[in-house]
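Student: I've just opened this one and I don't know where to start. Could you walk me through it?

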Amino acid sequence: MSREDGSYLAEFLLEKGYEVHGIVRRSSSFNTGRIEHLYKNSQAHIEGNMKLHYGDLTDSTCLVKIINEVKPNEIYNLGAQSHVKISFDLAEYTADVDGVGTLRLLDAIKTCGLINSVKFYQASTSELFGKVQEIPQKETTPFYPRSPYGAAKLYAYWIVVNFREAYNLFAVNGILFNHESPRRGANFVTRKISRSVAKIHLGQMDSFSLGNLDAKRDWGHARDYVEAMWLMLQTDEPEDFVIATGEVHSVREFVEKSFKHIGKTIVWEGKNENEVGRCKETGKIHVTVNHKYYRPTEVDFLQGDCTKARQKLNWKPRVTFDELVREMVDADVELMRSNPNA
């Protein structure tokens, strides 16, 4: 799963008194860092109300086994190869995990005879809108994915709708726009920026490279968005919802705000791939552009309209863009200060 969302969701559900079961992939390196603090005894990894199972969305047998053993009331499918740029290089794997993986999970629910007792949440994405057909994007906006990731998630979206309509499964798609936090993976642009700015602030780095500075996104905080996931499963009728802030900011703005927070003003010079971000105070170049970070097909502009969620779920985002940037930079300054190699 997106370990970012998974960790916030697990926290949220544990606080509500749930017993939480998570599926983790076996990996040669320890990949539970974002949920360590949720163990009853994190030093000894003693499980309290959170239990972890080894499994994989590419392995239907293990999914049946886990679901049959746990007999859950709610299932949140946050599992995905969720990096858009990487999906161009790992297209088949992305389709297998993000697309067919969702089907395997739905089939496992059916095999275990839980169609009438389980509620299913599917992590859909604003990347479904891709080359946007209208502004802003809402539940009825036509999809036009622009990456293997978006295309795989499109299959997942429709197979969830089909299970809902064919078998009456309580299944919903949360079409979540970009959501970030200090737990975001290091190779996602917002976290790459906050990490790099922290390192520059601490004198551990001079400059870093980004791709398309003018990509515009609707950015919220993951903590706000996991609450929306839960709310979707507490309704009387299963429905799909767009979750977003409705505010748009460019990658360039994210860079400027991050630097501003550590007292630096970034001035842009040059065009396209030759563009650089220079510190007004010191004259040092801190940001460069590298074509290798561009996507073969770009998504230029995403802006969500979450009117339906506001009205029907009574949900609204709490964390502002400025607060999000500050929280991420502060957290990374702390992290890099205590461990420069983090």
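Tutor: Sure, and keep in mind that this is a predicted model. Let's begin with one strand and work outward.

Student: Okay, which residues are on the covered face of strand E12?

Tutor: E12 covers residues 266–269, and its two faces differ in cover. Val267 and Glu269 sit on the uncovered face. That leaves the covered face to Ile266 and Trp268.

Student: And which residue in E13 stands opposite Trp268?

Tutor: Start with the pairing: E12 and strand E13 (residues 276–279) run antiparallel and are joined by four bridges. The two strands form a hairpin with six residues between them, and Gly270 in that turn has a positive phi of about 85 degrees. Across from Trp268 in E13 you'll find Gly277.

Student: Now the inside. Which element gives the largest share of the largest nonpolar core?

Tutor: That core has 29 residues, and Tyr76, Tyr121, Met229, Met232, Ile243 and Trp315 touch the most other members. Elements giving two or more residues to the core include helix H1 (3–15), strand E4 (119–125) and helix H7 (222–232). The largest share, eight residues, comes from H7.

Student: How many residues are in the second, separate core?

Tutor: Ile266, which we met on the covered face of E12, is one of its members. Phe259, Phe321 and Leu324 are also included. The size of this second core is 26 residues.

Student: Last one: what radius of gyration does the chain have?

Tutor: The chain has 342 residues, so a compact globule would come out near 20 Å. The chain agrees with that, at 20 Å.

Key: Residues are numbered from 1 along each chain as its sequence is written. This is a predicted model: local features need pLDDT of at least 70, side-chain atom pairs count only at pLDDT 80 or more; totals for chains, interfaces and linings use all residues. Side-chain values use heavy atoms; hydrogens and water are left out. A nonpolar core is a set of buried Ala, Val, Leu, Ile, Met, Phe, Trp, Tyr and Cys residues joined through side-chain atoms within 4.5 Å. Buried means under 20% relative accessible area, exposed over 50%, partly exposed in between (1.4 Å probe, protein chains only). Two strands pair if DSSP finds at least two bridges between them. The radius of gyration is taken over C-alpha atoms; the globule rule is 2.2 Å times the number of residues to the power 0.38.
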